[in-house]
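Dear colleague,

I am passing on the structure below, together with some notes on what turned up in it. Please look through it at your own pace and read the notes alongside.

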Amino acid sequence: MQTPHQQLDALLTELDPKKSLVFLTGAGVSAESGIPTFRGKGGYWTVGSKVYQPQQMATWLNFEKQPREVWRWYLYRRGVCRAGAPNAAHRALVELERARPAVFHLITQNIDGLHRIAGNSADRTYEIHGTGEEMRCAERCTDARYPIPEGVKDKAQDDPLPDAEYALLCCPRCGGLARPHVLWFDEYYEEELYRSNTAMIAAHTASVMVVAGTSGATSLPVQAVTVALKAGAVLIDINPNPNPFRELADQYYRGLSLRGSATEWMPEVVQRLKG
Ligand code: NAD
């Protein structure tokens, strides 16, 4: 019986050097940076006596109904994200991009910006769910993205969003309300905003697809993995808990599930792919 380390060695030798090395990361990769996952503790939000799950807060319909509350939630989440620093898994991916820049692709569902802060390039990091650091016009007078103005502060759970700060959350072009630059649960992927086609093209050309820290609850990650498998890629899942990608990796003859944390396994995987 081979150890996971030996299985990794066997799967990752003799990959086509011209094909892509594709990584797909979710909230679990930032969990060890102190940023809670949605399905973990602390994902909910209370407005008065009503308790909201993230799937209820993060929708266009909810933003239309209570934009100020949605902004307050995102400013709270931005504070949580800003308190976290890149961990060993983020750093390993920077090392790999530097070693293999022509074939490296990073698809991330995270809006915390930690991959970019660690040093991965904007060109090769596809933030398919946007970023909590930017805003754009809610009425879509333009697709331009703007930094959230400096006068707008991060919030603690019970902090109000003062009128003066809320007034700054407007589109610099038309003056209308701005929204966080994130993909909500009742919206769809678009290349112009989220580079979703670029991410799918990368998946098509993958020699290896490494999925780390995601529960597979959103559609593009599932499609990207399906496409990569059809193209014959090796599939590796890094996750301490059961999830659909683990099941797939366990059934697939070129798959491997690494049952542990992102900081434990990502550096190991990267070491073998650096060439
Ligand atoms: P999820 O919360 O649905 O699932 C997280 C997954 O990470 C789980 O499968 C869990 O077992 C795994 N995990 C937990 N700790 C881990 C660790 N140390 N190492 C590896 N894996 C670990 O997250 P998701 O699949 O990314 O989807 C949730 C949505 O929530 C996404 O759209 C994302 O944009 C958003 N989100 C982002 C952040 C962030 O930016 N850091 C945080 C929470 C949610």
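In this predicted model, the largest nonpolar core holds 28 residues, and those that touch the most other members are Leu12, Phe23, Val208, Ile236, Ile238, Met266 and Leu273. Several helices and strands each supply at least two residues of this core, namely the helices α1 (4–12), α6 (88–99) and α13 (262–273), along with the strands β1 (20–25), β4 (104–108), β9 (206–212), β10 (234–238) and β11 (255–258). The most is given by α13, which contributes six residues to this core.

If you would like one residue to start from, Leu273 touches Leu12, Leu15, Leu21, Phe23, Leu96, Arg100 and Val208, leaving aside residues up to four places away in sequence. Apart from the largest core there lies another core, made of 23 residues, with Tyr126, Ala202, Met209 and Leu235 among them.

The other part to look at is an open sheet of three strands, whose order is β7-β6-β8 and whose pairing is antiparallel. Its edge strands are β7 (146–147) and β8 (178–182), each of which pairs on one side only. Between β6 (residues 130–137) and β7 the antiparallel pairing runs over two bridges, and Met135 stands opposite Tyr146 in β7. Helix α5 (residues 67–82) packs on this sheet, where α5 touches both β6 and β8, and the direction of α5 makes about 45° with that of β8.

With best wishes

Definitions and conventions: Residues numbered from 1 in each chain as written. Predicted model: local features only at pLDDT ≥ 70, side-chain atom pairs only at ≥ 80, totals over all residues. Heavy atoms only, no water. Core = buried A, V, L, I, M, F, W, Y, C linked by side-chain atoms within 4.5 Å. Buried < 20%, exposed > 50% of the residue type's maximum accessible area, 1.4 Å probe, protein only. Helix = DSSP H or I, 4+ residues; strand = E, 2+ residues; numbered from the N terminus. Contact = heavy atoms within 4.5 Å. Pairing = 2+ DSSP bridges. Axes fitted to C-alpha atoms, helices over the stretch in contact; angles between N-to-C directions.
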